[in-house]
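Here's a quick briefing on the chain below. Have a look at it first, then read on.

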Amino acid sequence: MTKRGTRQPTTDESAALQLLDGGGDTSTTAPTPVDPPDWLSGEATTIWHTLAPHTAPGTLTAGTAPAFAFLCNALATYVESDQMVQTAGVLIAEGQGLAPNPALAIRERADATVGKWARSFGLLPDPHTAAPATTQRPRTLPHLVEGG
């Protein structure tokens, strides 16, 4: 019997409280892996398979897959444009002078896109809530892509 002025938790609330207290059914089903869209390039698909296991739990779903594909495409674009800059240099011959390599601007736009989407999927820390540095190896995008 309940005391006057108190209410009994609903079934959903009871189940949630049991889980918080460590009781109840703690078995969870693993999230279903999301396949990359067919329209991704080979490089972007490789990046997808490299990064997908490192996304924050619950962030890569069928509904967010297009946004994750944007991240993978942007990272593939970054890699390609960076290779162009490394090969041709920051400045290229134009007429009788030198001009900035157009791949620099492409790389810069891809970099901004990667940062935006990577944070959304928990691949980069939120700068406003980032925990202090630890002695563990950082979980950063370059380390994940390079397999470090």
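A word on terms: pLDDT is the predictor's confidence in each residue, from 0 to 100. The chain averages a pLDDT of 78, with 64% of the residues scoring at least 70. Over residues 12-27 the pLDDT drops below 50, and beyond near neighbours in sequence that stretch has six contacts (heavy atoms within 4.5 Å) in the model.

This is a predicted model, where local features need pLDDT of at least 70, side-chain atom pairs count only at pLDDT 80 or more, and totals for chains, interfaces and linings use all residues. Residues are numbered from 1 along each chain as its sequence is written, and side-chain values use heavy atoms, leaving out hydrogens and water.

**Overall layout**
- You'll find five helices and two strands, taken as DSSP runs numbered from the N terminus (helices H or I, at least four residues; strands E, at least two).
- Starting at the N terminus, the order is α-α-α-β-β-α-α.
- Of the 148 residues in the chain, 26% are buried (under 20% relative accessible area, with exposed over 50% and partly exposed in between; 1.4 Å probe, protein chains only).

**Helix α3**
- The 24 residues of α3 (residues 65-88) should span 34 Å at 1.5 Å a residue, and the end C-alpha atoms are indeed 34 Å apart; the expected span is 1.5 Å times one less than the number of residues.
- Its buried residues include Phe68, Leu71, Cys72, Leu75 and Val85.
- Just after α3, Gly89 has a positive phi of about 100°.

**Strand β2**
- Leu98 sits in β2 (residues 97-100).
- Leu98 is exposed, at 62% relative accessible area.
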